[in-house]
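Hi,

Here is the structure I promised to pass on. Have a look at it first, and then read on for what turned up.

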Amino acid sequence: MQTLRLAPDSIEKAAEIIRLGGLVAFPTETVYGLGADGFSPEACASVFAAKGRPADNPLILHLCDISQINQVAFDIPNTFYLLKDFFPGALTVILKKSDKVPMEVSAGLPTVAVRFPKNEIARELIRLSGTPIAAPSANKSGRPSPTRAEHVLADLDGRIDAVIHGGDCEYGLESTILDLSENTPSILRQGVITEPRISEKIGAVLLTQNAKDAPKAPGMKYAHYSPRAKVTLVSSANISKMTEKINALALSRENSAIMATDETFSAYTHGIVISLGSRADLDEIARNLFATLREFDKRGVSQVFAETLPTDGIGAAIMNRLIKSAGYSIIYV
Ligand code: TXA
Ligand code: MG
């Protein structure tokens with residue numbers, strides 16, 4: 001199959017492909033999604049095939065209007081409406097699923113994940129397609145999520161019908177996932193919309209994303225966000241101790257690289273060094289994280305040593321992704 005490259009003014013063409021049961025990668029403000037008609041079991045099944053996605057990992061349904069919620073979910077709690085300031089935005093909620101949503105979307109669960117993306121291309125695509133769009137991140141399963149069209153093509157060229165070139169994603173990290181299907185709301189995946197911002201609207205929420213043994217979001221149990229290089233995190237309360245250790249590790253390994261920050265960049269003397277941005281600007285680091293992991297692959301690096309980063313605000317979501325990309329391999333000094 002040849003993957004069409006579409007400009008942002010060709011959304012009608014992309015919508016036609018969705019209506020015909022095809023797969024279109026499109027930009028959102030978080031990461032690129034791989035879209036299919038969310039009411040078509042066959043189209044949704046082909047998303048799993050294109051990505052190599054495990055069959056028990058459900059898809060998020062993307063809608064463009066809150067009033068569509070009753071088409072895909074029922075028994076909607078008041079907390080959903082209290083969160084309306086985040087719709088559209090980078091918040092995904094889990095609700096009880098209506099019968100209209102095929103099993104291929106929910107992977108057999110009685111619930112459905114729903115998101116209202118803010119990105120105008122995404123919204124227009126959903127509107128013109130006339131159907132909810134089921135979309136996981138548009139990467140090969142296990143790889144870092146794509147934040148540019150070129151990342152989508154690196155993984156899926158020839159496996160999907162089209163990609164819309166919509167530039168760099170605004171945030172670069174996936175949405176926060178909040179489970180509203182049970183009595184106590186719980187965050188299943190941290191993201192751009194932080195826990196304090198959610199609690200401010202609906203009161204206390206649980207944080208269950210790190211329950212590694214029995215994760216409620218099936219996707220959280222799989223290896224994730226991994227470049228081909230092995231990633232090792234180095235953690236210390238003292239930044240110069242951390243940089244010294246990373247330098248020593250990079251010196252001792254052939255073909256290694258360092259994921260630095262602007263503040264530490266000049267302390268490193270060995271291997272390829274790329275800065276994620278300033279420690280004082282975690283939004284910038286979030287935007288660059290997945291692209292940087294992919295850059296190491298482009299340069300053929302076999303080992304990456306990475307710094308641990310501040311965990312305030314969006315930092316918690318950044319560290320969650322980094323720990324996963326390292327396969328929980330962390331050295332404490
Ligand atoms: O920002 C995002 O959320 C991006 C853009 C494209 O919207 N999408 C995304 O999708 O990150 P994906 O498939 O890469 O991650 C979705 C996560 C998976 O961990 C999946 O297991 C979980 O959501 N999920 C989906 N439906 C669920 C459900 N009914 N219950 C629990 N977890 C669910
Ligand atoms: Mg994903």
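**A salt bridge between distant parts**

Arg-5 and Asp-157 pair up through their side chains in a salt bridge, with 3.0 Å from N to O. Keep in mind as you read that this is a predicted model. What does that pair tie together? Arg-5 belongs to strand β1 (residues 4–6), while Asp-157 is in the loop between α7 (149–156) and β9 (162–164), so the salt bridge links parts that are 152 residues apart in sequence. The structure has 16 salt bridges in total.

**Around the ligand**

Now to ligand 1, which sits in the largest pocket. Which elements give two or more residues to the shell around it? They are β4 (60–62), β7 (111–115) and β11 (186–189). The largest share comes from β7, with 4 residues.

In total, 26 residues surround ligand 1, and the closest are Thr-30, Asn-57, His-62, Ser-175 and Gly-219. Sorted by class, that shell is made up of 13 nonpolar, 8 polar and 5 charged residues.

If you want to zoom in on side chains, try these three:

- Asn-57 has a polar side-chain atom 2.5 Å from an oxygen atom of ligand 1.
- Ser-175 also places a polar side-chain atom 2.5 Å from an oxygen atom of ligand 1.
- Thr-111 has a polar side-chain atom too, and here the partner is a nitrogen atom of ligand 1, 3.0 Å away.

And how much of ligand 1 does the protein bury? Taken alone, ligand 1 exposes 690 Å², and 97% of that is buried by the protein.

**Two backbone spots to check**

Both of these involve loops next to α4. In the loop between β5 (73–74) and α4 you will find Asp-75. Its phi is near 60°, a positive value in a residue other than glycine.

On the other side, the loop between α4 (78–82) and β6 (91–97) holds Pro-88. What kind of peptide bond joins Pro-88 to Phe-87? The bond is cis, with omega at about 0°.

If you only have a few minutes, I'd start with the pocket that holds ligand 1, and then go to the bridge between Arg-5 and Asp-157.

Cheers

How values were computed:
Residues numbered from 1 in each chain as written. Chains lettered and ligands numbered in written order. Predicted model: local features only at pLDDT ≥ 70, side-chain atom pairs only at ≥ 80, totals over all residues. Heavy atoms only, no water. Near = heavy atom within 4 Å. Polar contact = N/O pair within 3.5 Å; in protein donor to acceptor, adjacent residues only side chain to side chain. Areas by Shrake-Rupley, 256 points an atom, 1.4 Å probe, with all protein chains shown as cover. 1 Å grid on protein atoms, 1.4 Å probe; cavity = no way out; pocket = protein on both sides within 12 Å on 5 of 7 lines; lining within 4 Å. Sits in = over half its atoms within 2 Å of the grid points. Nonpolar A, V, L, I, M, F, W, Y, C, P; charged D, E, K, R; others polar. Salt bridge = Lys/Arg side-chain N within 4 Å of Asp/Glu carboxyl O.
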